[in-house]
Amino acid sequence: MSTQPMWMDPRPCWHCHWFGYLMAENPHGMCLLPTSNAMAVIPRQGCAFWRGEPGASDGGQPEPLESGSPARVAIDRARRRLERIQELAEAEVRRSPLPHGFWPQVGSTEGTVVLSGGRPDHPADRAALEAKVARLGVNAAVRAGKL
Ligand code: SF4
């Protein structure tokens, strides 16, 4: 797993874990990262949140999907699911806050929420915070297939 600093060569969305699809009606794409804008504006360039997906770099640019196609509808639904999980996690953490600089984040398209943020030298017990996030009710619901 790696991310793409802004100064590196572009890495296309279709090699990224969060890639949804390319749109047939315009040059944009759909991104599944629920804390980012759903619209991938320049998919061939990716973005700062690019995360390599094992095996994805073996393939070329995928065919764009038409609006209303079953595959596209399913991916749009997946994006809404991840947005919902992210919202629920943030609501839970508002009731029982994390230290400043830490937040819950959907960690993959599978939906489990993980701890994010915090500088390496932050004095907080990161393992304890990770365990707290792992125990969130939203994660229990994801594991149970209810979200
Ligand atoms: S917009 Fe960024 S996070 Fe989303 S698919 Fe493209 S590179 Fe990945």
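Okay, let's start at the ligand: by class, the shell around it comes out as nine nonpolar residues, one polar and no charged ones. Keep in mind that this is a predicted model. So who is in that shell? Going round the ligand, you meet Cys13, Cys16, Cys31 and Cys47, then the aromatics Trp18, Phe19, Phe49 and Trp50, plus Ala40 and Gly46. The polar one in the tally is Gly46, because glycine is put with the polar residues in this classification.

Now let's zoom out to the whole chain. The C-alpha trace spans about 45 × 35 × 25 Å along its principal axes. In secondary structure we have three helices and five strands, and if you walk from the N terminus, the order reads β-β-β-α-β-β-α-α.

On to domains. The assignment splits the chain into domain 1, residues 1-67, and domain 2, residues 79-147. Their centres, taken over C-alpha atoms, sit 24 Å apart.

How do the two halves meet? On the domain 1 side, 12 residues are in contact with nine residues of domain 2. Together the domains bury about 820 Å², with carbon and sulfur atoms giving 61% of that. And have a look at Leu32, Pro34 and Thr35 on your screens: those three supply 55% of the area that domain 1 buries against domain 2, more than any other three residues.

What about polar chemistry at that interface? The rule turns up zero salt bridges between domain 1 and domain 2, but it does find six residue pairs in polar contact, with both partners at pLDDT 80 or more. As for the side of domain 1 that touches domain 2, its residues divide into seven nonpolar, four polar and one charged.

Last stop, salt bridges. How many does a search of the whole structure find? Five. As a reminder, side chains of opposite charge can pair when their charged atoms come close. The one I'd like to show you joins arginine 72 to glutamate 25, with the closest N and O atoms 2.8 Å apart. Arginine 72 is in helix H1, residues 70-95, while glutamate 25 sits in the loop between strand E1 (19-22) and strand E2 (29-31), so this pair ties together parts that are 47 residues apart in sequence.

That's my tour, over to you.

Conventions
Residues numbered from 1 in each chain as written. Predicted model: local features only at pLDDT ≥ 70, side-chain atom pairs only at ≥ 80, totals over all residues. Heavy atoms only, no water. Near = heavy atom within 4 Å. Domains from an automatic or database assignment. Contact = heavy atoms within 4.5 Å. Buried area = accessible area lost by both parts, 1.4 Å probe. Salt bridge = Lys/Arg side-chain N within 4 Å of Asp/Glu carboxyl O. Polar contact = N/O pair within 3.5 Å; in protein donor to acceptor, adjacent residues only side chain to side chain. Helix = DSSP H or I, 4+ residues; strand = E, 2+ residues; numbered from the N terminus.
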